[in-house]
Amino acid sequence: MTIRAVISILLFLSITSCVEKYWPQVDRYNHVLVVDGFLSNSTDPATVNLSYSSSINEGVFIPISDGIVYVVDNNQLTLTFAETEPGVYLSEDQSFQGQIGNSYQLFIELPNGNKYESEISMLNAPSPIDSVYGVQETREIPNRYLPQQIVQFYLDNHSDNSNTCYYLWRLRQTYKYQSSFDIDYTWEGEFKPFPVPDSMRTCWHDSQVQEIFTFTTKNLASPIIKRFPLNFCSTDTKELSIRYSLLVSQLSISKEAFDFWDAMRQQNVDMENLHSRQPFQLRGNIKNIENIEETVLGYFTVAGVTKKRIYVDRPALPFYYMICEPDYGSMGWIQFEPPEYWPIYLTMSNSGALGMATLYECFDCQLEGGSLSPPDFWEN
């Protein structure tokens, strides 16, 4: 989950929760600088996202463009960043990889002249991910007639480095799914055969898992993690309907970064106790060089990273996501549909009857957020 997403959720919960233990001064956090920076030893470019927080009534992303962003390491080498889209800055040296044991400091200059810097952070050695795996489970949910069928994902790891004991996990999920029908014909004032009936039926959906996952082995007798719970997927959605992939990025972070992200995790998930702790009492590792009293939200995270990707085929479980039913009975009225609704997609039954559907999603999988092209890494 990005820092901006966490802040938006916390602002929302601070106002909408029915537990009236604390009413935060949310106006205090309007138009506050939000920094979400990440640098690692991986081949992924170092990134820094700059934005201003918006009011809870607006809930919009306010990017900061035309900033000057760079990172300096302990050898005084400078890594410059270029803005690739509004508020998003990537390292200009695409071959850059952070070096284990080196320290890094982020510097930012905004168009208004304000200058900011992060604390100096060392890049810790990554630890191996021994395995990531899914387990079929059921969950009892209040007021639900049937238990929820899920695949719960777990992680095992170990560390050979005594200095690596604080972890943050970031997850990205990709799944293959289908719409309910092929498009056999369209109605556009007349019936027209669709050139490739199944061309809009299969998609791949790719997204960041929004939960925050943290853990420390500091107080364990042995630096080994077994069966650590990550995200889960239920059969209420199409995520597991054909093939699902989970990419786990394991970040070996400092104690200071762990304290920040673990506190963000607790404030994000602990709705009942949220108001016993003031949201945003957390201070990240970014400060205004000339005004240390200015509130700055966010964190510059430096970490050693290990990644592992797994695939899960459709499990032998009952599925409960919506499956469209063709509407054959309304075909007699199709000639009265106005042109603004054209093209109307139609499917053909085994007997040759044409049918419509209420939702375009029944025919076009892209309308459920996916892409018709598989990602480069996808394995069938």
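These are my notebook entries on the disulfides, aromatic rings and pockets of one structure. The model I looked at is a predicted one.

**Entry 1: disulfides**

I began with the cysteines. How many disulfides does the structure hold? I found 2.

I looked up Cys203 and Cys365, which are joined by a disulfide with an S to S distance of 2.0 Å. I noted a torsion of about 70° about the S-S bond of Cys203 and Cys365, so this disulfide is right-handed. Cys203 is in strand E15, while Cys365 is in the segment after E22, and 162 residues separate them, so I put the pair down as a link between distant parts of the chain. I checked burial for both ends: Cys203 and Cys365 are both buried.

I then turned to Cys324 and Cys362, which form a disulfide with sulfur atoms 2.0 Å apart. The link of Cys324 and Cys362 is left-handed, with -80° about the S-S bond. I placed Cys324 in the loop between E20 and E21 and Cys362 in the segment after E22, so this bond ties together parts 38 residues apart in sequence. Cys324 and Cys362 are buried as well.

Which pattern do the disulfides follow when bonded cysteines are counted along the chain? I wrote down 1-4, 2-3.

I also looked up the burial of two more cysteines. Cys165 counts as buried because its relative accessibility is 12%, and buried means under 20%. Cys233 counts as buried too, at 0% relative accessibility.

**Entry 2: aromatic pairs**

I searched the whole structure for aromatic pairs, and the search gave 20. I took a closer look at some of them.

One of the pairs is Trp204 with Trp378, which is edge-to-face, at 6.5 Å centre to centre and 75° between the planes. Where do the two residues of this pair lie in the chain? Trp204 lies in strand E15 (residues 202-208), and Trp378 lies in the segment after strand E22 (354-355), 174 residues apart. Is Trp204 buried or exposed? I read 12% relative accessibility for Trp204, so it counts as buried. Trp378 has a relative accessible area of 10%, so Trp378 is buried too.

Next I looked at Tyr345 and Tyr360. Their ring centres are 5.6 Å apart and their planes are at 80°, so I recorded this pair as edge-to-face. Tyr345 belongs to strand E21 (residues 344-348) and Tyr360 to the segment after E22, with their positions 15 residues apart. The two ends differ in burial: Tyr345 is buried at a relative accessible area of 13%, whereas Tyr360 is partly exposed at 35%.

I followed the ring pairs onward from Tyr345 and Tyr360. They belong to a cluster that also takes in Phe181, Phe194 and Phe363.

**Entry 3: charges over rings**

I looked for charged ends lying over rings and noted two cases. Arg144 has its charged end over the ring of Tyr320, 5.9 Å from the ring centre. Arg314 lies over the face of Phe319, and here the distance to the ring centre is 4.0 Å.

**Entry 4: largest pocket**

I moved on to the pockets. The largest pocket has a volume of about 670 Å³. It is lined by 25 residues, and I noted the closest to its centre: Phe38, Asp44, Thr47, Arg170 and Gln208.

Which element gives the largest share of the lining? E12 does, with 4 residues. Several strands each supply at least two residues of this lining, including strand E1 (33-40), strand E2 (47-52), E15 and strand E20 (297-313). I sorted the lining by class and got 10 nonpolar, 8 polar and 7 charged residues.

**Entry 5: second largest pocket**

I looked up the second largest pocket last, which holds about 220 Å³ of space. Among the residues lining it are Asp327, Glu337, Tyr341, Ile344, Met356 and Thr358. I recognised three names from the ring cluster in this lining, Tyr345, Tyr360 and Phe363. By class, the lining of the second largest pocket divides into 8 nonpolar, 1 polar and 2 charged residues.

Conventions:
Residues are numbered from 1 along each chain as its sequence is written. This is a predicted model: local features need pLDDT of at least 70, side-chain atom pairs count only at pLDDT 80 or more; totals for chains, interfaces and linings use all residues. Side-chain values use heavy atoms; hydrogens and water are left out. Rings of Phe, Tyr and Trp (its six-membered ring) pair if their centres lie within 6.5 Å; planes under 30 degrees apart count as stacked, over 60 as edge-to-face and the rest as tilted. Buried means under 20% relative accessible area, exposed over 50%, partly exposed in between (1.4 Å probe, protein chains only). A charge sits over a ring if NZ of Lys or CZ of Arg is within 6 Å of the ring centre and within 35 degrees of the ring normal. On a 1 Å grid over the protein atoms alone, a cavity is a set of points where a 1.4 Å probe fits but cannot get out, and a pocket is an open set with protein on both sides within 12 Å along at least five of seven lines; lining residues have an atom within 4 Å of a point. Grid points are joined across faces, edges and corners, and a volume is the space filled by probe spheres set on the points. Ala, Val, Leu, Ile, Met, Phe, Trp, Tyr, Cys and Pro count as nonpolar, Asp, Glu, Lys and Arg as charged, and the others, Gly among them, as polar. A disulfide is a pair of cysteine sulfur atoms within 2.5 Å.
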